Amino acid sequence: MRSSLHPRPARRPRPRSRTRSRLVALFTGVAAVGVLLAAGTTARAADAPLRDLAEARGKVIGTAVTGSKLTGTYGDLAGGQFNSLTPGNAMKWETVEPSRGSYDWGEADRIVAFAQAHDQQVRGHTLVWHSQNPGWLTDGSWTADQLSTLLQDHITTEVTRYKGELAAWDVVNEPFNEDGTYRTSLWYQGLGSDYIARALTWAHAADPDAKLYINDYNVEGVNAKSTALYDLVKSLKERGVPIDGVGLQAHLILGLVPSTLQQNIERFAALGVDVAVTELDIRMQLPSTDAKLAQQAADYRAVMNACVAVSRCAGVTVWGFTDSDSWIPDVFDGYGAATPYDANYVPKPAYGAIATALGGTSTPPTGDCTAAYSVANEWNTGFTGQVTISCSGAALSSWKVSWDYGAGQRITQAWNATCAQSGTTVTCSNASYNGTVPSGGSVTFGFNGTWSGSNPVPAVTLG
Ligand code: G3I
């Protein structure tokens with residue numbers, strides 16, 4: 001079954017627990033000391049995943065992914081939070097045909113299979129580009145006819161392979177210079193600007209249902225480059241060339257979201273094409289600070305709002321969802337922190353901004369973090385206890401745990417946390433060095449206390 005750029009209304013069969021505030025108490029009488037355990041999840045109201053929020057609005061929220069990383073926390077978040085995937089490199093010509101006539105579809109197939117298993121769309125990226133082409137192609141010397149045949153064969157082979165499985169293709173990538181002239185690429189030099197119309201026509205022949213896009217950067221606002229793109233799309237439409245959409249990459253710099261973004265989206269929509277934000281990231285000079293992260297959140301919100309405001313804006317894809325999988329630090333010296341999750345998979349303020357722009361709340365999902373209280377050792381008037389905070393499919397950047405002692409117990413000493421007791425209520429928060437609990441990880445702190453009569457396990461609240 002095909003997916004369209006606007007998500008299907010059908011519910012996904014995702015076996016994910018959404019229980020956020022359940023309290024589980026496990027009592028195990030173990031050995032003479034009688035180890036007691038209680039586990040509680042955070043009582044904070046957690047938000048729905050971004051993909052649920054986006055689907056409720058008929059929008060795509062996507063991410064670029066690296067196929068080899070789609071396991072563990074990376075896989076949980078890529079599959080759980082997004083309804084669309086774009087292979088970051090896996091479908092580029094140099095990846096799929098490294099030697100002439102010898103194909104490697106491994107990573108691309110893996111991403112498509114993962115997307116299908118998670119009921120996600122795939123955005124193919126990219127068929128015609130001046131970059132990341134195989135050496136045998138760029139080093140060769142070709143006549144115009146040979147170049148045209150090579151391009152046709154490449155497009156036909158790749159689009160046919162995924163026929164009926166991809167929602168959209170970035171057919172042509174980055175055809176323009178900043179001043180709106182055509183980039184003097186291999187393709188432009190060999191075939192003139194008509195390579196664009198030919199590529200679209202061949203892609204359409206191979207998969208008539210895929211939405212076909214031209215994709216570029218620095219075309220988010222109204223400027224010379226985006227106007228050249230506008231004029232091209234207008235003329236392609238007039239000529240009857242199959243063009244369905246325009247991709248605004250949106251590799252942006254902190255504080256510099258173009259003020260004409262929505263106006264620009266609207267003018268393309270008025271031509272009768274869809275618009276997608278295809279590669280959003282917002283880079284900042286490192287180190288990041290709270291103020292920069294707040295500005296970044298405002299910038300993400302501005303981009304999301306512009307897309308949400310225009311019905312022909314299909315959605316937004318981030319170019320990597322975690323700072324551990326972003327191209328920015330490799331290319332822009334001293335810059336980074338450009339994505340909605342930090343390198344430990346902790347959601348940043350930008351995550352909350354995306355969620356709120358899609359109609360959710362800014363509370364990141366923390367429901368899969370739990371706190372478990374146990375009595376490790378007990379003697380006539382004293383005991384040693386510990387609390388372990390564990391996260392799965394979510395993460396924390398700081399934590400606070402509290403409980404009520406109902407039988408007169410008192411904490412006398414704690415380690416790996418700062419604890420205070422007021423009346424019967426104990427509150428413990430992270431030390432300076434152990435606030436981060438990555439998904440799949442845990443943090444434990446311990447304490448000594450006094451008791452008399454009985455030492456029941458309290459209900460623990462995280463958050
Ligand atoms: O695969 C090799 C690996 O074998 C080698 O060990 C390693 C050493 O550096 O390099 C690996 O290749 C890298 C490749 O990404 C895969 O990770 C290249 O060096 C690196 O240059 C390449 O960067 C990609 C970049 O396109 C190239 O321009 C980024 O990952 C990718 O995110 C980026 O994506 C582009 C979009 O396609 C188009 N718009 C701009 C965007 C950002 O540049």
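The link of Cys419 and Cys428 is right-handed, with 115° about the S-S bond. This disulfide (a pair of cysteine sulfur atoms within 2.5 Å) has an S to S distance of 2.1 Å. The structure is a predicted model, in which local features need pLDDT of at least 70 and side-chain atom pairs count only at pLDDT 80 or more, while totals for chains, interfaces and linings use all residues. Residues are numbered from 1 along each chain as its sequence is written, and side-chain values use heavy atoms, with hydrogens and water left out.

Cys419 is partly exposed, at a relative accessible area of 22%, whereas Cys428 is buried, at 0%. Here buried means under 20% relative accessible area, exposed means over 50%, and partly exposed lies in between (1.4 Å probe, protein chains only).

The count of disulfides comes to three. In the second of the pairs described here, Cys369 and Cys391, the sulfur atoms are 2.1 Å apart. The torsion about this S-S bond is 110°, and the link of Cys369 and Cys391 is right-handed. Cys369 lies in strand S13 (residues 369-378) and Cys391 in strand S14 (residues 382-391), so the disulfide ties together parts that are 22 residues apart in sequence. Strands are DSSP runs of E with at least two residues, numbered from the N terminus. Both cysteines count as buried, Cys369 at 0% and Cys391 at 4%.

The remaining pair is Cys307 and Cys313, with sulfur atoms 2.1 Å apart. Its disulfide is left-handed because the torsion about the S-S bond is about -100°. Cys307 is buried, with a relative accessible area of 2%, and Cys313 is buried at 0%. With bonded cysteines counted along the chain, the disulfides follow the pattern 1-2, 3-4, 5-6.

The ligand is surrounded by Asn89, Lys92, His125, Trp129, Gln132, Asn173, Glu174, Gln249, His251, Glu279, Trp319 and Trp327, where a residue counts as near if one of its heavy atoms lies within 4 Å. This shell has three nonpolar, six polar and three charged residues. In this grouping, Ala, Val, Leu, Ile, Met, Phe, Trp, Tyr, Cys and Pro are nonpolar, Asp, Glu, Lys and Arg are charged, and the others, Gly among them, are polar.

A polar side-chain atom of His125 lies 2.7 Å from an oxygen atom of the ligand. For Glu174, a polar side-chain atom is 3.0 Å from a ligand nitrogen atom. An N or O atom in the side chain of Gln249 is also 3.0 Å from a nitrogen atom of the ligand. Taken alone, the ligand exposes 780 Å², of which the protein buries 44%; accessible areas come from the Shrake-Rupley method with a 1.4 Å probe.

Conventions
A polar contact is a pair of N or O atoms within 3.5 Å; within protein, one must be able to donate a hydrogen and the other to accept it, and residues adjacent in sequence count only if both atoms are side-chain atoms. Helices (H or I, at least four residues) and strands (E, at least two) are DSSP runs, numbered from the N terminus.
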